[in-house]
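Visitor: I'm new to reading protein models. Could you walk me through this one, feature by feature?

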Amino acid sequence: MESSSEGVARVGDGGVVEDPARTEASAPEAVVPGAVAQETVVPETVVPETVTAAVAAIAPASLSPSRAGDFMQCPLLYRFRVIDRLPEKPSPAATKGTLVHAVLERLFDAPAAERTAPRAKSLIPGQWDRLRETRPEVVELFADDPEGERLAGWLVEAERLVERWFTLEDPTRLEPAERELFVEAELDSGLRLRGIIDRVDVAPSGEVRIVDYKTGKAPRPEYAEGALFQMKFYALVVWRLKNVVPRRLQLVYLGSGDVLTYDPVLADLERVERKLLALWEAIRLATQTGEWRPRPTKLCGWCDHQAHCPEFGGTPPPYPLPVTLPVRAAESEGGAQGRMGPG
């Protein structure tokens, strides 16, 4: 679908947010059923360890595709990231995803005829310098590489991902309406949904396409629904903001050279909304009770928080929020009354 630059207004409190810390999932995509292909969103603030948990902790106030995916993958992981805000180390794969996203975004600053593979690759050094300035912690990735050999190979891998994109899409025929678009919408229930969309294309006919870049490989067919959850989330937000159901959702997998598309209908978005409301209720209950149970999967091997996880013999930090235990009739005075015994 060719696109024009008209038709999608900038939405959300801040319009388009330039986020140098966008990341791809560092673990393999679609390893477990129900896992959500991680999108890159405004990250939770990393609080230094010197700050007390009582000061750092806040109750969840909104939901993004990444955080929804965290809770579905492992409620305890959600707690560590959103409530405890435990620091996480940058990974080569995640940082590479950030770099490639930045290059693909900046390429569209050039006139259409100049959006070539050599031009895109020439942007990599500058974007890597910018990333190191805005996120100094990524320098640690290559601290043990004094000769720069690993860094050079890593940058070559980023070049290959950028080159592969040109076999999947033709940027000379695209004029995105939006790039790195921050969106936020509040549902009737009061739940706020938010995220960052890599690219929004709008055809001359007004049809909207939402595009997301993935630097990993495409999931196997049985995991495709989990990957599309993120895109349906975005489509729901756009529908709630603009009263327009996007014509197409498109995932571009640079790691394998695949493009996954889905054409949603209104019923899809309504189902996603119901799912998110149920998910948010579960998050609200866990926040009140402090019961965040780990859910072991193969993805645990990539988790930064094993030292705090009971599944690995660790102990979570003291819960930093007030706890309200649910009242159970069986535990209250006279709780046995009203129970129907054998007839």
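Visitor: What pattern does the chain follow, read along the sequence?

Guide: Keep in mind that this is a predicted model. Reading along the sequence, you get α-α-α-α-α-α-α-β-β-β-α-β-β-α. The secondary structure comes to nine helices and five strands.

Visitor: And how much of the chain counts as buried?

Guide: The cut-off to know is that buried means under 20% relative accessible area. Here, 47% of the chain's 343 residues fall in that class. You can also ask who touches whom: take the contacts with a separation of 6 or more, and residues 24 or more positions apart account for 74% of them.

Visitor: Let's pick one helix. How far apart are the end C-alpha atoms of H8, and what span should its residues give?

Guide: The idea is to count 1.5 Å a residue, so the 19 residues of H8, residues 224–242, should span 27 Å. Its end C-alpha atoms are 27 Å apart, which agrees.

Visitor: Where does H8 bend?

Guide: At Gln 230, by about 30 degrees. Past the helix comes Asn 243, which has a positive phi, near 60 degrees.

Visitor: Is H8 largely enclosed or not, and how many of its residues are buried?

Guide: Count the buried ones: 15 of the 19 residues in H8 are, so the rest of the structure largely encloses this helix.

Visitor: Now for a pair of helices. At what angle do H2 and H9 pack?

Guide: For a pair, look at the angle, the distance and the hand. H2 (residues 65–73) and H9 (residues 266–289) pack at about 65 degrees, and their axes are 11 Å apart. Their crossing is left-handed.

Visitor: Which residues of H2 meet H9?

Guide: On the H2 side, Ala 68, Phe 71 and Met 72. They meet Lys 275, Leu 276, Leu 279, Ala 282 and Ile 283 of H9. Sorted by class, the contact has seven nonpolar residues, no polar ones and one charged.

Visitor: Can we finish with a single residue? Is Glu 159 buried, exposed or partly exposed?

Guide: First place the residue: Glu 159 is in helix H7, residues 149–168. Then compare its area with the cut-offs: buried is under 20% and exposed is over 50%. Glu 159 has a relative accessible area of 30%, so this residue is partly exposed.

Visitor: Which residues is Glu 159 in contact with, leaving aside its neighbours within four places in sequence?

Guide: Lys 121 and Ile 124. You can also look at Leu 123, which is 36 residues from Glu 159 in sequence and 9.8 Å away in space, C-alpha to C-alpha.

Notes: Residues numbered from 1 in each chain as written. Predicted model: local features only at pLDDT ≥ 70, side-chain atom pairs only at ≥ 80, totals over all residues. Heavy atoms only, no water. Helix = DSSP H or I, 4+ residues; strand = E, 2+ residues; numbered from the N terminus. Expected span 1.5 Å × (residues − 1). Bend = angle between axes of the 7 residues up to and from the residue. Buried < 20%, exposed > 50% of the residue type's maximum accessible area, 1.4 Å probe, protein only. Axes fitted to C-alpha atoms, helices over the stretch in contact; angles between N-to-C directions. Left-handed = near helix turned anticlockwise from the far one by under 90°. Contact = heavy atoms within 4.5 Å. Nonpolar A, V, L, I, M, F, W, Y, C, P; charged D, E, K, R; others polar.
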